[in-house]
Amino acid sequence: MQSEPETVCNVAISFDRCKITSVTCSCGNKDIFYCAHVVALSLYRIRKPDQVKLHLPISETLFQMNRDQLQKFVQYLITVHHTEVLPTAQKLADEILSQNSEINQVHGAPDPTAGASIDDENCWHLDEEQVQEQVKLFLSQGGYHGSGKQLNLLFAKVREMLKMRDSNGARMLTLITEQFMADPRLSLWRQQGTTMTDKYRQLWDELGALWMCIVLNPHCKLEQKASWLKQLKKWNSVDVCPWEDGNHGNELPNLTNALPQGANANQEHMGQCKSLEYQHLPAHKFLEEGESYLMLAVEVALIGLGQQRIMPDGLYAQEKVCRNEEQLISKLQEIELDDTLVKIFRKQAVFLLEAGPYSGLGEVIHRESVPMHTFAKYLFTSLLPHDAELAYKTALRAMRLLVLESTAPSGDVSRPHHIASVVPNRYPRWFTLSHIESQQCELASTMLTAAKGDVRRLETVLESIQKNIHSSSHIFKLAQDAFKIATLMDSLPDITLLKVSLELGLQ
């Protein structure tokens with residue numbers, strides 16, 4: 001700054017395999033990031049490498065000296081810095097001259113200028129103390145003064161480190177998590193039986209998401225994973241550690257308009273969207289012939305969306321299930337499906353329909369399994385132009401909502417040990433049930449629209465609606481939808497759809 005007097009700073013930077021491994025600066029500025037002087041010296045070193053004299057490691061230089069030169073070197077060094085190094089020099093001299101000293105048990109001597117061994121871990125310099133101090137400060141501000149934004153910037157830094165395969169990512173996240181765990185408000189909320197604010201819980205969600213990225217990293221060693229697992233278990237066992245559900249059974253929330261309706265409710269409008277261009281980048285090193293990262297990404301997304309998972313207990317976690325699913329689907333909707341991606345959609349749809357209990361579209365699912373209506377609607381619209389039979393099969397399978405069924409499939413009652421299994425007619429704490437039922441209704445409406453003019457398919461969809469939809473208001477909405485679709489201005493009324501509308505209206 002022009003107003004500030006010019007100061008000269010002494011800066012030292014250590015490098016190891018193209019990484020800055022330690023820094024010191026006499027300016028005394030404390031921050032997570034490097035001070036301006038360290039950055040300036042780094043840029044100078046990058047831009048003018050010839051101006052910075054490169055020396056061999058000091059051990060090599062000393063090796064080339066004879067006894068007289070070595071004595072002269074040591075004595076001059078002590079003379080120049082005698083007040084700082086004389087006590088250390090005398091102590092080392094005594095130890096070297098003593099036969100039994102520890103220093104004489106070790107072969108050779110350390111050389112700070114030689115760099116680390118090729119097998120040693122090398123990572124960018126990180127001021128751990130400052131990370132802890134800053135996180136503590138932001139948390140103490142309780143979401144005011146933009147502290148939430150600052151914490152998100154720290155999370156973004158961790159993501160950047162993970163992207164660069166910098167091992168500091170895990171170190172930094174460990175430090176952040178430790179400060180989160182030490183937040184005094186956690187024990188206060190636990191004692192009072194109150195829930196944390198949504199803003200604060202979102203920060204915890206981000207912590208969890210980043211830890212997931214770290215433990216799933218294919219490049220890290222098994223011993224690293226084992227140490228992280230141990231650390232995560234340790235945190236999890238702490239009494240004040242928040243539950244993922246965010247519920248301790250004390251609160252019954254107000255659920256009016258808890259969630260946006262429809263999978264695209266959070267996007268811009270059974271035209272203004274940002275259009276990103278996704279391309280197939282070949283990855284010969286890791287993948288089979290003809291595969292690309294985009295293909296893998298789409299396949300992994302479809303596998304994840306189709307997994308059978310039990311609905312969690314708390315309101316926040318239930319909303320998160322819907323929110324995460326809709327975010328992932330909105331990402332997928334940005335991708336233009338070409339022939340190779342359609343093949344993946346077909347393969348995954350068939351796989352999910354035929355798979356065992358891990359699949360949410362399998363033949364048998366748990367009564368409290370998270371419904372697949374939103375995902376199936378996306379699969380249906382994506383597959384319909386390419387494989388209508390598979391599209392309908394997938395969507396019809398997903399129409400079920402077992403949590404509202406009063407009985408489970410019966411066992412074989414002809415043998416005494418096969419007693420019919422009856423599930424009690426109870427509603428679990430599904431706070432998002434109204435949202436789920438509206439998604440089920442959207443899936444049915446989408447199928448009715450697509451089946452116009454096809455008698456067989458319309459009858460099948462009608463049967464599915466009558467069997468699976470339990471809400472009278474949604475059945476009435478579908479009767480109205482069927483009537484609108486059947487009597488569009490540009491064509492003759494569809495008699496079958498009118499019958500469907502009448503049937504549903506009567507029901």
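Helix 12 (315–332), helix 14 (373–383) and helix 16 (433–450) are a good place to start a tour of this predicted model, since each of these helices supplies at least two residues to the lining of the second largest cavity. Helix 12 gives the most to that lining, with four residues.

## An enclosed space

The second largest cavity has a volume of about 100 Å³. It is lined by 13 residues, and those closest to its centre are C322, E325, P371, T374 and I436. Sorted by class, the lining holds seven nonpolar, four polar and two charged residues. If you wonder how such a space is found, rolling a probe the size of a water molecule over the atoms shows where empty space is left.

## An open pocket and the part of the chain beside it

Now turn to the second largest pocket, which has a volume of about 1500 Å³. Of the 41 residues that line this pocket, the closest to its centre are I13, S14, F15, K19 and I20. Several elements give two or more residues to the lining: strand 1 (11–16), strand 2 (19–25), helix 1 (36–47), helix 2 (58–63), helix 6 (147–163) and helix 7 (168–181). The lining residues divide into 24 nonpolar, nine polar and eight charged.

Where does the second largest pocket lie with respect to domain 1 and domain 2? Domain 1 (11–51) and domain 2 (128–237) both give residues to its lining, so the pocket lies between them.

A record also has something to say about this part of the chain. UniProt, in an unreviewed entry, places the feature "domain: SWIM-type" at residues 9–46. In the model, residues 9–46 are 29% helix and 34% strand, and the C-alpha atoms at the two ends of this stretch are 19 Å apart.

## Two loop residues with positive phi

Most residues other than glycine have a negative phi. Two residues here are worth a look with that in mind. C18 is not a glycine, yet its phi is positive, at about 65 degrees. You will find C18 in the loop between strand 1 and strand 2, and its relative accessibility of 75% means that it counts as exposed.

R165 is the other example, with a positive phi near 55 degrees in a residue other than glycine. R165 lies in the loop between helix 6 and helix 7. Its relative accessible area is 57%, so R165 is exposed.

## Residues tucked away, and one partly exposed

Further along the chain, helix 11 (residues 293–306) holds A301. Is A301 buried or exposed? Its relative accessibility is 9%, and because buried means under 20%, A301 counts as buried. Leaving aside neighbours within four places in sequence, A301 is in contact with L328 and L332.

Helix 11 is also the place of I303. With a relative accessible area of 32%, I303 is partly exposed.

S359 sits in the loop between helix 13 (339–354) and helix 14. Its relative accessible area is 0%, which makes S359 buried. Which residues does S359 contact, apart from its neighbours within four places in sequence? They are G306, Q308, L352 and I365.

A301, I303 and S359 each have a listed partner further along or back in the sequence, and the table sets out these pairs.

| Pair | Separation in sequence | C-alpha to C-alpha distance |
|---|---|---|
| A301 and I329 | 28 residues | 8.5 Å |
| I303 and L352 | 49 residues | 8.1 Å |
| S359 and L305 | 54 residues | 9.4 Å |

L352 turns up twice here: it is paired with I303 in the table, and it is also one of the contacts of S359.

One more loop residue rounds off the tour. D183 is found in the loop between helix 7 and helix 8 (184–192). At 7% relative accessibility, D183 counts as buried. Not counting residues up to four places away in sequence, D183 touches L139 and Y200.

Note on methods
Residues are numbered from 1 along each chain as its sequence is written. This is a predicted model: local features need pLDDT of at least 70, side-chain atom pairs count only at pLDDT 80 or more; totals for chains, interfaces and linings use all residues. Side-chain values use heavy atoms; hydrogens and water are left out. UniProt positions are given in the numbering used here, feature names are shortened, and annotations may be inferred rather than shown by experiment. On a 1 Å grid over the protein atoms alone, a cavity is a set of points where a 1.4 Å probe fits but cannot get out, and a pocket is an open set with protein on both sides within 12 Å along at least five of seven lines; lining residues have an atom within 4 Å of a point. Grid points are joined across faces, edges and corners, and a volume is the space filled by probe spheres set on the points. Ala, Val, Leu, Ile, Met, Phe, Trp, Tyr, Cys and Pro count as nonpolar, Asp, Glu, Lys and Arg as charged, and the others, Gly among them, as polar. Domain bounds come from an automatic or database domain assignment. Buried means under 20% relative accessible area, exposed over 50%, partly exposed in between (1.4 Å probe, protein chains only). Contact means heavy atoms within 4.5 Å.
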